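Colleague: Could you take me through one part of this model slowly? I'm new to this, so plain words would help.

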Amino acid sequence: MPKHSNTTSELVLFEDELGRAYGRLRDALIALFEVIGADPDKPQDFSRRCGINKNLAWKASRLIGAPSPAVGVPHIPGPSGFALLLDACAPEGASPDRTEGARSARDAFDSFVEEHAG
């Protein structure tokens, strides 16, 4: 059975790449919430205002407020939920550039996961 030989430098590179991919996604959601004037600390208000499921609003809120990728990654909505979230922000004043930026950040995160987890 072959041994898995991750070096410390490989782990640091992985963590750096994770931080960048996750940070880009988190920053895109923060910007989206800011542009529509939503408070990520009030997911129920966001849910009612945008007409989205409260669990989806809660996930976005937890993702934005997470202190690290280890805490935030489990709250990243799935592809269909993320699309619903972006679609709900458009009528609230989010520009196509802003929603596409968030979609692109999600795609980049998915590419990171695919590259490292298969």
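Let's zoom in on Ser61, which is found in helix H3. Is Ser61 buried or exposed, and which residues does Ser61 touch? After that, please show me what the core and the helix packing look like.

Modeller: Sure, and keep in mind that this is a predicted model. Ser61 sits in helix H3. Its relative accessibility is 12%, so Ser61 counts as buried, the cut-off being under 20%. Leaving out residues up to four places away in sequence, Ser61 touches Pro40, Asp41 and Pro43.

Helix H3 (54-65) also has a part in the largest nonpolar core: H3 supplies at least two of its residues, and so does each of H1 (8-36), H2 (43-50), H5 (79-89) and H6 (96-117). That core has 30 residues, and its largest share, nine residues, comes from H1. Phe46, Ile52, Leu85 and Phe109 have the most contacts inside the core. Take Phe46: with residues up to four places away in sequence not counted, Phe46 touches Phe33, Ile36, Ala38, Gly51, Ile52, Ala57, Leu85 and Cys89.

Now for the helix packing. The axes of H5 and H6 come within 10 Å and cross at roughly 165°, which means H5 is roughly antiparallel to H6. Their crossing is right-handed. On the H5 side, the contact is made by Pro79, Phe82, Ala83, Leu86 and Asp87, and on the H6 side by Thr99, Ala102, Arg103 and Arg106. Sorted by class, this contact of H5 with H6 has five nonpolar, one polar and three charged residues.

Conventions:
Residues numbered from 1 in each chain as written. Predicted model: local features only at pLDDT ≥ 70, side-chain atom pairs only at ≥ 80, totals over all residues. Heavy atoms only, no water. Core = buried A, V, L, I, M, F, W, Y, C linked by side-chain atoms within 4.5 Å. Buried < 20%, exposed > 50% of the residue type's maximum accessible area, 1.4 Å probe, protein only. Helix = DSSP H or I, 4+ residues; strand = E, 2+ residues; numbered from the N terminus. Contact = heavy atoms within 4.5 Å. Axes fitted to C-alpha atoms, helices over the stretch in contact; angles between N-to-C directions. Parallel < 35°, antiparallel > 145°, perpendicular 65-115°, else oblique. Left-handed = near helix turned anticlockwise from the far one by under 90°. Nonpolar A, V, L, I, M, F, W, Y, C, P; charged D, E, K, R; others polar.
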